[in-house]
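This briefing introduces selected features of one protein chain to a student reader. Please keep the structure in view while reading the points that follow.

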Amino acid sequence: MAVPLKLSALSDQRVDALAAIVGHEHVSTATHDRLLYSRDMWPQTVLWTKRGHFPHPPDAVVSPGCTEEVSRLLAYCNGEGIPVIPYGGGSGVCAGILPEQGGVILNMRRMDRIVSIDSDAMIAEIETGIYGEILERQLNPRGFTMGHFPSSIYCSTLGGYLAARSAGQMSSRYGKIEDMVIGLEVVLPDGSIHRTPMAQIGTSRIDWNQIVIGSEGTLGVITRAWMKISPVPAHREYLSFHFRGVDEGLNAMRRVMQAGLEPSVLRLYDEFDTVVAATHGPGSNPDAADARPSLWTQRLGDLAEMLKKSSLNRALKRPGWLNKATGLLPPKCLLVVITEGEPDLAAFEAKRVRDICRDARGQSAGEGPARYWMEHRYAISYKQSKIFDAGAWVDTMEVATTWRDVTPLYNAVRAAVADQCFIMAHFSHAYPDGCCIYFSMTASADNPSAMEANHLKVWQTALEAVHRNRGTLTHHHGVGRSKGFMLPREFGALWPLCRQIKGALDPNGIMNPGNLGMKP
Amino acid sequence: MKNASFLQLDAFSKLATVNAADTPAAIEAALAAHRLTLGLDGLDGDPAPLSDYLKGECALGPYLKYGGVHDLVAAVQVELPDGQKAETFLSPRSAAGPDLRYLLCGDHDRHARIVGATLRVHDQPEAGRRAVYLLDFLDEAVDLLRDETHARNRPQLVRLFGPESVRALFGERERRSLLVVGYEGGEEEVEFRFGRMVTKLDALRGTRLMADLPPHYFNAEQFPPLWVDLKENESSEVILHAATTWSKLMPLFESLERRSGGIYTLQTTLTGLMHESALLSLRLLSYEGERDRTLIARETEDVLHQLVEHRAVIRELRPLNGRIDKRWESLFSDSLTARLG
């Protein structure tokens, strides 16, 4: 299919100037590259793609090989007023990549080395273009792990994690990406290269690491990071429990985290997930000790099959009754737990978790569900396209709040969008003061434009409910352009300070313009 | 001590919103009524308000038992230059743009005045165990503390005094290092974690002791001390806190120990453990009647150079009798802050 694409706005002279910095082989204005790098995985743009709509292609894709090249590229673009959009793996789901004003995509993937490892201090110096899975594959034989395992690990980069404040599936032990940062190398639009001081234990000065992290390419380019690494765990313990409803399960999670324990995995599935596990688990008996849950991963596959048969597709056009039906399910929620580390410490933490869960009225479901989850933990991100192919959309919304507000927020969001999409959730990324709620939403409509409108309406409604119930609008996917309109509300009277930071570091506004709600 | 009052207490989420004009000790006392604690140790007599610690005037690091300052501070409430009130969004974690807590804390009130904070609080510990060792080799103690930190068996309390400090405490005959470690929390937790640490410490070359310490060290209010006791005619002139990575710690620690024999006495104590680094607290002492401001400034500068040479990050410099020398202000600034103005 021929795709109509507006011509690159970059003159030959400018393309040559970029090529003089990185080499001709690392500058592309080819149509296929401009298409490929014109978006991330925001479902709205996935829907656009399905109807051949590519409204915001970049003018060129440039791939620097070192910090000095990034510096020279930025200085050139800053002088010429050319927008620059840093690009890692393109796996974001919030339209953090969408060259609304054209410009240059800065493809960071050539910068993918582990520069050094300080094994005493457990710090790795890493270039940010490295894929997460390759990073782990290089660290593991040396006895280390970064402990960062997002489900997108095969197609996302360290730079992307830092830009969007990512979280891995084992964040309850290793922390979110911002918790792992010791220092950063950042290139500002004027080409200046800055290295932040080691992260703080005290507060004698501003910690710029935490200002640059989460800035999603709007302040500068993170070219290198000094990251905490940990020993590869010598031992893992697997546990699973059933609780009579979400509230009982959340109570157990809260008590585990407030006891000072650090399980690597602590995930609670709501009633719908748990029933699907019992119904569709491969050869499973839900009451057996080794019952395997199918969870969201397998459910996506099943959902796609059902959609193909049209029955659920019809149902998804009337999601209200589908959501009501899930309210009739028996109150039974699955909690999956993994502890890890040196054998005695992992075993001790497992014992403490077991004691707390039993005290919180949990029934042991054996090791099976936790082991099954571990084996299938990356499958989800690669099954969503089947849903789109079947004529529906699917999206996820990860928000966070304090323990006091978790249940009200969960109920409020479900109620708010109940007539607009089918919705379910799990609870993960737990902390002593709260946790993340990970909503999965899907819906269908009669035609592509109706689907796009429905998708935007669901988000608007859901985020309003999140805001009303004291939740942050994102826990680890980032803001992008899809949620940027809500960011000034979350920052309130401090929003002008964000604008002040942007103005101080990027006075010409060339860095990822329009992202994070930073309209010129 | 002025009583602190909570603006809000969410015991379920373990969060307390407090007035930043209250002292940490007053906040601790108010929390104690709810069987909660901030996890601060050793600030009982300090009159500085919480805001001084948050904006970066005083170092809180050596007194924290449960992580760094930002593990303590979940949100801050500020007054903007135009008088408007504002607060950072309260959430256990967020991916919603830059985290302004890290700009407002440590900013010395340049962009907004900190007026309140929402702090993470903990249940008061059910149990606590402490052990004291005289160890033949400083490096063995450092290695063990590092390994246990990486294994996530970090003690809540640690004080490691080098041989020079120990000599001041015990007299010329004693040249070993003094290590104090403490665990607290639930009874089962403490027994297990403390037991693991003590088993490893017992395997090192040295002596486990309690009885040989001066009696007041057993006073719960003062134990473990941040510093070795002052002699009657001594006083503190300068206090410094600096962090350095584990790989650079031993050369720096030994270098500072050697430096302790200068014109004025220098005490060096390891007071904080982090994944990648350790916190050193330093105190320059002078003797009554022998104070020479020029010499003290020169001594301080020598110590600062020593820290910079070993790539330590200086967290706090507090001359007790005077203002911070303009020459040293650059130690607390950086190129990005300079841009923000």
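**Strand pairing and packing in chain A**

In this predicted model, strand β5 (residues 114-118) of chain A is joined to β6(A) by 4 bridges, and the two strands run antiparallel. The points below begin with this pair and then turn to a sheet and to two helices.

**Strand β6 and its partners**
- Strand β6 of chain A spans residues 123-127, and 4 of its 5 residues are buried.
- Within the pairing of β5(A) with β6(A), Asp118(A) has Ile123(A) as its bridge partner.
- The hairpin of β5(A) and β6(A) has 4 residues between the strands, and Met122(A) takes a positive phi near 55° there.
- β6(A) is also joined by 5 bridges to strand β10 (residues 221-228) of chain A, and this pair runs antiparallel.
- Ile123(A) has Lys228(A) as its bridge partner in β10(A).

**The sheet of 7 strands**
- An open sheet in chain A has 7 strands in the order β15-β12-β14-β13-β17-β18-β16, with antiparallel pairing.
- β15 (363-364) and β16 of chain A each have a single partner strand at the edges, so one side of each lacks a neighbour in the sheet.
- Strands β13 (residues 265-269) and β14 (residues 333-341) of chain A run antiparallel and are joined by 5 bridges.
- In this pair, the bridge partner of Val265(A) in β14(A) is Ile338(A).

**Helices**
- Helix α14 (residues 343-359) of chain A lies across β12 (235-243) and β14 of chain A, at about 5° to β12(A).
- Pro43(A), Gln44(A) and Thr45(A) are buried in helix α3 (residues 43-50) of chain A.
- The buried residues of α3(A) pack against β16 (392-402) and α18 (448-468) of chain A.
- Gly52(A), just after α3(A), takes a positive phi of about 70°.

Note on methods
Residues numbered from 1 in each chain as written. Chains lettered and ligands numbered in written order. Predicted model: local features only at pLDDT ≥ 70, side-chain atom pairs only at ≥ 80, totals over all residues. Buried ≥ 20, exposed ≤ 12 C-beta atoms within 10 Å, placed from the backbone. Pairing = 2+ DSSP bridges. Contact = placed C-beta atoms within 7 Å. Axes fitted to C-alpha atoms, helices over the stretch in contact; angles between N-to-C directions.
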